[in-house]
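Welcome, and thanks for taking a look at this one. Here is a short briefing to read alongside the sequence and the structure.

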Amino acid sequence: MTHDVVRQTLPLLEEQDGRDLYYLPDLPEEDPYAAGHRTCAGCGPAIQYRWVLKAAGQDTVVAGPTGCMYVANSTYLCTPYTVPWAHTPIASGGSFTSGVAAGYEAMIRKGRYPGRYPNILVMAGDGSASDIGIGSISGALYRNHDALFVCYDNECYANTGIQTSPTTPYAGMTTFTPFGKAIPEGKKLPPKNLAKMMAEGHPHCYVATTTVGYPVDLMNKTRKGLNHVGAAFLHCYTPCQKGWVYQTSMTVELGRRVVESGLWPVWEYDPHERAYHYFHPPVQRPVADYLAMQGRFGHMLPEHVATMQAGANRNWQAIGMEVPKALRDLEDPARHQRLADEEYSMPLNRGVGA
Ligand SMILES: Cc1ncc(C[n+]2csc(CCOP(=O)(O)OP(=O)(O)O)c2C)c(N)n1
Ligand code: SF4
Ligand SMILES: [Mg+2]
C-alpha cells in the first residue's frame, strides 16, 4: 500500500506598499538557528541563515556544505540548530539534498515516516554553489527534487582566507586578487551570473535573488521556494564583514545599497509563466555610494569606478529601468577620483538604528 505525501504550505508575510520590504516588526518567534554560534560580528551569512530558518520553521531539515557557515556553526557538541542539520562536503550540497528529498518521499510513500513532507533545504556558500559544487546543485535542480537550494553569497571563499570566487565582483580585492602595478584593479573579470544561469538552465524551477537588506523579501522568497513543488534556487547577497572590511553595523545597509546602486538586481523567475519579475528600487544611486563603504574597493582608480558604473547602468536597462543622466555621466572616468578620495553619502537614517 502506498501512502500520500502531504506537503505543507507556508503563509507569505505581508508586503504593504513596499515598506515592509525593509521592515519586519513581527518576526516569527521560532528560531531554528539560535544564538550561540561563532561567526564574526555583523556576519551577513549568519543573518541570512537566521531569517531563512525563521521563515522555514521547525519542521525543517537543513544541510550545509563546507564553508564559514559549517565551520563557525558546528563546534564539537555545540550547535545553534534546533532542527536536524547535516554537514556535506563542499561539492555535494546538491547531491546530498537530493538524497534527503528522495529519501523522505520514499519513506512517506512506504509508510515508514508518519509525518508531513518536511521543508528540505541546503545553504551553500558561493564557492560551493557557483564553483566547486555547481554540478551537484545543477543536477538536483534538473532532476527537480522537492527542496530549496540556497546560495549565501559573500563573494569570496571566506573560510579559507578570503580567496576569490566566481562571484567576487570586478575590482574586488581578495588574497588571490591583490592589486599592484601589473593589475591595478585587483580582479579583472566580472562576476559569474549564477542566478540567471540557474533560471535559464532549469526553466521548470522557481529561482529568485534577494539580499539581507530586505528581510520580508528574503523570508517570502524562502517560503515561495519551499512551497513550490519541485526544485527551487535562491541566491542571496550576504556581506562578509571580515573579507570586505566595513563597519560591522553596516551589513543590512550594504544589502540595500547594492540594489540601489544597480549592482545586484532583485528578481523572481516564475516557472509557470516562464517570466522574470524585477524589483524596481525607489532609489538609484552612484556605485561609489556603495563601493566607498568597503575596504576591498579602496584601491580603485577613476577608470575602474567608471567601468563599474557602466556595468550598473547596463543592469538598470536589463531590468527595465531608465538610467538617469547623472548616472550616465558617471561612466566618464574624469568624473571620478581614486575611490579612497571619493565622497559618498552617509547612511540614511532608515529608522533601524544604523
Ligand atoms: C573539494 C574541496 N576543496 C577545497 C576545500 C577547502 N575549503 C573549505 S571551506 C572553503 C571555502 C568555501 O567557500 P564558500 O563556499 O564561498 O563558503 P564561505 O567560506 O565563503 O562561507 C574551502 C575552499 C574543501 N573543503 N573541499
Ligand atoms: S569571515 Fe565572513 S562569512 Fe565568515 S564568519 Fe566572518 S563575516 Fe561571516
Ligand atoms: Mg563564500
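In the class counts below, Ala, Val, Leu, Ile, Met, Phe, Trp, Tyr, Cys and Pro count as nonpolar, Asp, Glu, Lys and Arg as charged, and the others, Gly among them, as polar. Please keep in mind that this is a predicted model. The chain has an average pLDDT of 93, and 94% of the residues score at least 70.

**Confidence**
- Residues 348-354 are a stretch to read with care, as pLDDT stays under 50 there.
- For residues 348-354 the model has twelve contacts beyond four places in sequence.

**Magnesium site**
- Asp126 (OD), Asn154 (OD1) and Cys156 (O) coordinate the magnesium ion (ligand 3), at 2.0 to 2.2 Å.
- Along the chain, the donors of this ion are spaced as D-x27-N-x1-C.
- Asp126 belongs to helix H4 (residues 126-132) and Asn154 to the loop between strand E4 (148-153) and helix H6 (194-201), so the pair ties together parts that are 28 residues apart in sequence.
- Asp126 and Asn154 are both buried.

**Cavities**
- The whole structure holds two cavities of 30 Å³ or more.
- The largest cavity has a volume of about 40 Å³, and its lining includes Val259, Trp264, Phe279, Asn315 and Trp316.
- Eight nonpolar, two polar and no charged residues make up that lining.
- The second largest cavity, with a volume of about 30 Å³, has Gly36, His37, Asn73 and Cys78 among its lining residues.
- Here the lining counts three nonpolar, six polar and no charged residues.

Terms used
Residues numbered from 1 in each chain as written. Chains lettered and ligands numbered in written order. Predicted model: local features only at pLDDT ≥ 70, side-chain atom pairs only at ≥ 80, totals over all residues. Heavy atoms only, no water. pLDDT = per-residue confidence, 0-100. Contact = heavy atoms within 4.5 Å. Donors = N, O, S within 2.8 Å, 3.2 Å for Na, K, Ca; no water. Helix = DSSP H or I, 4+ residues; strand = E, 2+ residues; numbered from the N terminus. Buried < 20%, exposed > 50% of the residue type's maximum accessible area, 1.4 Å probe, protein only. 1 Å grid on protein atoms, 1.4 Å probe; cavity = no way out; pocket = protein on both sides within 12 Å on 5 of 7 lines; lining within 4 Å. Points joined across faces, edges and corners; volume = space filled by probe spheres on them.
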